[in-house]
Amino acid sequence: MKTLSGRINRVMVVAALGGTLALSARAEKMDAEIHTVVIQKLEQSLEETREDSNLSLRPVRARLADLYAERARLRAMNEAEANCSECKGALDDRQRALRLYDVVLSEAPSKNRGPLMLQMAQMRELNGEFKKAEGLYDQLVTEGKNKHSNDFLAEAYVGRAEARFARGEMVRAQGDFEEAYKLVKQGRKGQILSRIAWCHLNRGNQGEAVRTLVRILETPQLLTRESSTGMSYDASFHDDIARDLATFFARGDVGRREIRQIESLAPDTSKKETLRHFASECERLGQKKAAIEVWAVEANYESTPAERLETKVRIAQIRFDLGEKKEALLGMRGALADWGNSGCTDAEICSGLKLRLRNLVIAWNRSEKKQPSSLLADAYLAYVGHFQDDMEMTIWAAEVARAQKRYATAASLFYKSALLASTSKEKGAGKILESGLVGEVEMAEISKDLKTRELSYDHYLKLNPNGAIASKVRYQRAHVAYERGDMNEASRRFYEFAASGSCRSGSGSKETHKLCIQAADLDLDALVGIKAHATVQTRGIEYARAFPARSQEYSKISRTAVLKQAEGKEPSVAIAKLAEADFTGATTAERVHYLKTYLALTERARDIEGTRRAAETLAKTKGISTGDYELALAKQAWAAEMALDFERAYSLTQKMKLGSMRADDRAMKLALLAELAGRNPKPHELEFLRVSRDGFQKALMQAKIVRASRYPLVEFAKFERNLRSHPALMANLGLDVFARTGNISFARRMLSSRQVASEPAGRVVARELFLRDFLPIERSLARHRLNSASDSLVQRTLSERIRLLQSAETNANQAIHAQDWSAQIVALSVLSRENERIYHDILQLPAPKKLKGKELTKYERLVEANARGYLRKHEQIDKKLNGLWVDAASQRQLERDYRQANPMVRSLIAAELRRVADLAPTGVRTQIEDSLRNGAQMPSERQVAEARREAKEQPFSTMTLSKLRELEVVRGRETMVAYLDARLLKLKSASGAMGERQ
């Protein structure tokens, strides 16, 4: 919110009105030190002189107050110049002056009170005592014209209005300004009226605010101020009001009418600046189209090329902000064309315009970061075409051209940015040099033109011979010769690269080393192409020495091509080829390499016997590394596992250090093999629990230990804390333990966890508890009979029956809420049967003997009506039951759970199935009974032995492994089931990977 020129101006107005300030007018000639001397004398005089009826000290106090006020003003100016925020001299003087003025005011006649009160109010404001200052203004206004002149009243209204304005009380502030307007002289009316306009604006009356300022601008008298020579035109005030009008217009809808009005009302001397302010305000407040029109008018008042350029650049920016990117590009091009034709001589303006254009293009780039447009590319080209020394924008232009697939343009710009960076001392020039050259290389490679590529490689090596991809560039430069079929030149370049210090010393990066190897490979390949066999032999040995990691391969190339022929062949073909190889004179490392290659091939060919023999040979080879020995043992163990020879697999695995495995993985593997081999896995299981940091894996092992224990409840208690962190695992384990022990309290404790109770296994336990809890209610209902020996016995036994029915209904609702199929079947079947029974029982009750005739008939009808409610409930429940019986999915899931459960849990579910079968319709009962008969058959030893034989003969057949798994599930051999699951999963993964390769 805008204020007047300042409260100090009002002090000057008060001074001009006369009063005690006339004394301080002369004191302005004194400096602070003289004031201090006079003040000290007057203070002493005031202290020593006693006031009585013959002697008044009021003039002395008034004079002393004025001196303090004047010295405060001088000190305040000095403090401001010294930028002293903690100096208190001026504040102390004002406070002393105010204390004296308080006394003077109480003694002053009415005609002198106005100036004093205004002076005190102003000083209160300077002290930050705004409420007290406002209180003085209120007092002046309240005392009114009877005690004060219009001039003093006007200043009081203005002072109070400013205070209210500052607090945002626009309605009350406007009222005070309007009262002041009626009282002030012509020279101040314009200023007051401008404050009224600001009040209108801040109250949301933009139209009235505008009309008020237009009135000021169209009324010459309102643009004057009073001076020592009389009324005179105030040019500064005129400028301010025109600028305010521009600000006000920008708050509303701006059209040509408003623009013309600003143009006509603004002073000629500041018309351009006012229009610039108007345009900027329109921009700031989002009136972009209006801003363009204002800038167009403002252009008529521009006098220099730099100003015209600035306007065009601003309009281009606004066009961009409006989303008119095509027009923004045209404007930008026009501005740059003018710049090129007329130049730009004002360094400061030109620098700012360049920055504006740069920021415009950068902002454009940010807005299209994911998908740069063709217009953006043109904008970059326009910018870098004019400002050819901006290396950053040049490389960004190149990147946008690349995104637009303007590869030739991008390559040119990348190279240009690199050239600029090569001679620049700016920070980041080195990075741009590398990026520009890399960009040119990438564009050249996309072009697939050999000459263009070779030129880009030459540029790179010339400007940045030690750059990050210099090795790659040298390699690719050799590859260009290879691609165009110049094998002699390709071999020369590849050999030059492979023989360089970075390749031979091994000091380069992994990528460089890889390129060195590739260069050596392609050198040999090129030599083979021109049939230079002697050179192949020489360089093969040379490369074997230069690249130890590939020495075997290069030695083999020099000595024989057998292994080379075997590369890339199908396993069976490769194995046959390797059998032809003569390894006379071969090193141990070569032999190991051969055996390892052979092992890999036999394993891929699923030749278990071949893998076993090769692994045994490798293990017996002298001088092999620990890792190779471990590999040999691992392959033998694998072969033993494929043959289901777990005793041998366990023995071999125990010998292995398994250095690549974590301690917990090793312990788990040994525990698994020990159990499958029929040995005690407990030591390995405890070792796993000791070293493992994986809470879930530990929980799995703990569950396994609990299941294997003779005292599962005791073991469960040991591990319960960790098991509770894994609800699904705990639920399954809890079901097994409950099935085994039948411990109800254990089951209830387990189900105290909501997460455990929500798991499928948890729901099985909950269902079993529900059925056990429901059984006494079912039996009580079945045994209960109504006693008709007397009316009281009828009433009592009927109430008992209803209570039992309600209890059964509560349990049935629990089953419905749990959405448990079998629990609902049992509970609803009982409830249906007993509702039908009580209906018939009630109808068979004898009527009271005292009832005869109509009363008896009425009683029988009433009894029938009451009993019919139970019959309806029976029918409703039967309908619900029919829906459950047709829910084949739930029935099949229960039967599936029965078949897949371990023996202990299976017996639990079997009892449940029998209970459901007893209640089921004939067709469903038959299905359930068939499932019970088929699922209850334990496989014979002969069946298991036959399945194992097939699994040994066809170890990679998912069918034979699945068959064995099904038998082991029924037998409750969980460890074997888990092992077979892992085998099947691995086979499925391998099959998927093979399918992807095909």
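Trainee: What makes up the accessible surface of the chain, and how much of it belongs to carbon and sulfur atoms?
Mentor: This is a predicted model, and in it the accessible surface of the chain comes to about 51,800 Å². Carbon and sulfur atoms account for 50% of that area.

Trainee: How many of the residues count as buried?
Mentor: Of the 998 residues, 46% do. The cut-off for the word is under 20% relative accessible area.

Trainee: Why is the chain called more spread out than a compact globule?
Mentor: Start with what it is built from: 52 helices and 2 strands. The radius of gyration is 52 Å, while the globule rule gives 30 Å for 998 residues, so the chain is more spread out than a compact globule. The C-alpha trace spans about 140 × 130 × 65 Å along its principal axes.

Trainee: Let's look at single residues. Why is arginine 160 called buried?
Mentor: Its relative accessible area is 11%, and buried means under 20%, so arginine 160 qualifies. You will find arginine 160 in helix α8, which covers residues 150-167.

Trainee: What makes the pair of arginine 160 and aspartate 138 a polar contact?
Mentor: Their side chains come to 2.8 Å, and the limit for such a pair of N or O atoms is 3.5 Å. Aspartate 138 is also among the residues that arginine 160 touches beyond its sequence neighbours, a list including Glu134 and Asp176.

Trainee: How do you know that aspartate 390 and arginine 358 form a salt bridge?
Mentor: Their closest N and O atoms are 2.8 Å apart, and a salt bridge needs them within 4 Å. Aspartate 390 sits in the loop between α19 and α20 and arginine 358 in helix α18, so the pair ties together parts that are 32 residues apart in sequence. Both residues are buried.

Trainee: What about aspartate 628 and lysine 596: why is one called buried and the other partly exposed?
Mentor: First, the two meet in a salt bridge at 3.1 Å, N to O. Aspartate 628 belongs to helix α34 and lysine 596 to helix α32, so this pair ties together parts that are 32 residues apart in sequence. Aspartate 628 has a relative accessible area of 13%, which is under 20% and therefore buried. Lysine 596 has 34%, which falls between 20% and 50%, so the term is partly exposed.

Trainee: Which residues are joined into one network by salt bridges that share partners?
Mentor: The network consists of Glu134, Asp138, Arg160, Arg164, Arg167, Glu169, Arg172 and Asp176. Across the whole structure, a search finds 75 salt bridges.

Trainee: What places glutamate 310 and arginine 314 about one turn of the helix apart?
Mentor: Both lie in helix α16, 4 residues apart. Their side chains meet in a salt bridge of 3.4 Å, N to O, within the 4 Å limit. Both are buried.

Trainee: How do you know that glutamate 434 has no salt bridge?
Mentor: The nearest side chain of opposite charge, lysine 472, is 9.7 Å away, and the limit is 4 Å. Glutamate 434 is buried all the same, and its place is in helix α22.

Trainee: Which side chain does glutamate 434 join in a polar contact?
Mentor: That of tyrosine 460, at 2.7 Å, again within 3.5 Å. Tyr460 is one of the residues glutamate 434 touches, along with Asn464, Gly467, Ala468 and Ile469, if we leave out residues up to four places away in sequence.

Notes
Residues numbered from 1 in each chain as written. Predicted model: local features only at pLDDT ≥ 70, side-chain atom pairs only at ≥ 80, totals over all residues. Heavy atoms only, no water. Buried < 20%, exposed > 50% of the residue type's maximum accessible area, 1.4 Å probe, protein only. Lys, Arg positive; Asp, Glu negative; His and termini not counted. Polar contact = N/O pair within 3.5 Å; in protein donor to acceptor, adjacent residues only side chain to side chain. Contact = heavy atoms within 4.5 Å. Rg over C-alpha atoms; globule rule 2.2 N^0.38 Å. Areas by Shrake-Rupley, 256 points an atom, 1.4 Å probe, with all protein chains shown as cover.
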